[in-house]
Amino acid sequence: MLSSMVKEHQVRQQARKEEQEQRRKDAILASSNLTLALVDHLNVGVAQAYLNQKRLDSEANQMEHNATNFQRQTSQWLNLISSFTDSMKEVGHVQNWATTIEADMRTIATALEYAYKVEQQTASSGGTAT
């Protein structure tokens, strides 16, 4: 009787050990699955963040390139406007010079006309007296 009780106890203990081992394996498997699911979920977020960062870097590089081009173009425009302004000043100087020359030429023409008239009058008054 005692030996059958011991055997029965050993069988129950063995069954409990096997059940505990199975539960331990199930717990390890469940925690492994949970860990994998969490890692996969985090990896999706990390991958999305990486793609977003990559896209932002690309857009920032494009924006920098566009800003450099805009700066170069603006500089060219400023040089063109400065050149145009200088040309307009020169045209103004030439116009002023031409106006001055025209006034001088009119003064000379008036003086020549006056000298010619005086000479004509002198010649006509001197020719009638003799």
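Is Glu102 buried, exposed or partly exposed, and what is its relative accessible area? I looked this up in the model, which is a predicted one, and found Glu102 partly exposed, with a relative accessible area of 41%.

**Entry 1: overall form**

I began with the secondary structure and recorded one helix and zero strands for the chain. I then took the radius of gyration, which is 55 Å, whereas the globule rule gives 14 Å for 130 residues; the value is well over the rule, so the chain is more spread out than a compact globule. Along the principal axes, I noted that the C-alpha atoms fill a box of roughly 190 × 10 × 10 Å. As a check on distance along the chain, I chose Glu8, which lies in helix α1, and Asn69. These two residues are 61 residues apart along the chain, and I found their C-alpha atoms separated by 90 Å.

**Entry 2: surface and burial**

I next asked what share of the 130 residues is buried. The share of buried residues comes to 0%. For the chain I recorded an accessible surface of about 12100 Å², and 61% of this belongs to carbon and sulfur atoms.

**Entry 3: charges**

I counted 13 positive and 15 negative charges in the chain, and I noted that their mean positions are 22 Å apart. I then turned to the pairing of charged side chains, for which the count is five salt bridges. I examined three of them in detail, as follows.

**Entry 4: Glu8 and Arg12**

The side chains of Arg12 and Glu8 form a salt bridge, with an N to O distance of 3.8 Å. I noted that this pair qualifies because the cut-off for a salt bridge is within 4 Å. Arg12 and Glu8 are four residues apart in helix α1, which spans residues 2-129, and about one helical turn separates them. I found Arg12 partly exposed at 44% relative accessibility, and Glu8 is partly exposed at 48%.

**Entry 5: Glu19 and Arg23**

Here I recorded a salt bridge between the side chains of Arg23 and Glu19, at 2.6 Å from N to O. Both residues lie in helix α1, and their spacing of four residues is about one turn of the helix. Arg23 counts as exposed, at 57% relative accessibility, whereas Glu19 counts as partly exposed, at 40%. The two labels differ because exposed requires over 50% relative accessible area.

**Entry 6: Glu102 and Arg106**

I returned to the residue of my opening question. Glu102 forms a salt bridge with Arg106, and the closest N and O atoms are 2.7 Å apart. Glu102 and Arg106 are four residues apart in helix α1, a separation of about one helical turn. I found Arg106 exposed, with a relative accessible area of 55%, while Glu102 is partly exposed.

**Entry 7: a nonpolar patch**

Which residues form a nonpolar patch on the surface? I listed Val94, Trp97, Ile101, Met105, Ile108 and Leu112, which together have about 630 Å² of accessible area. I then looked up one of these residues, Ile101, which is found in helix α1. Ile101 is partly exposed, with a relative accessible area of 34%. I noted that this value meets the patch requirement, because a patch residue must have over 30% relative accessible area.

Note on methods: Residues numbered from 1 in each chain as written. Predicted model: local features only at pLDDT ≥ 70, side-chain atom pairs only at ≥ 80, totals over all residues. Heavy atoms only, no water. Helix = DSSP H or I, 4+ residues; strand = E, 2+ residues; numbered from the N terminus. Buried < 20%, exposed > 50% of the residue type's maximum accessible area, 1.4 Å probe, protein only. Patch = residues over 30% accessible without salt bridge, like charges linked within 9 Å, V, L, I, M, F, W, Y side chains within 5 Å. Areas by Shrake-Rupley, 256 points an atom, 1.4 Å probe, with all protein chains shown as cover. Rg over C-alpha atoms; globule rule 2.2 N^0.38 Å. Lys, Arg positive; Asp, Glu negative; His and termini not counted. Charge placed at Lys NZ, Arg CZ, Asp CG, Glu CD.
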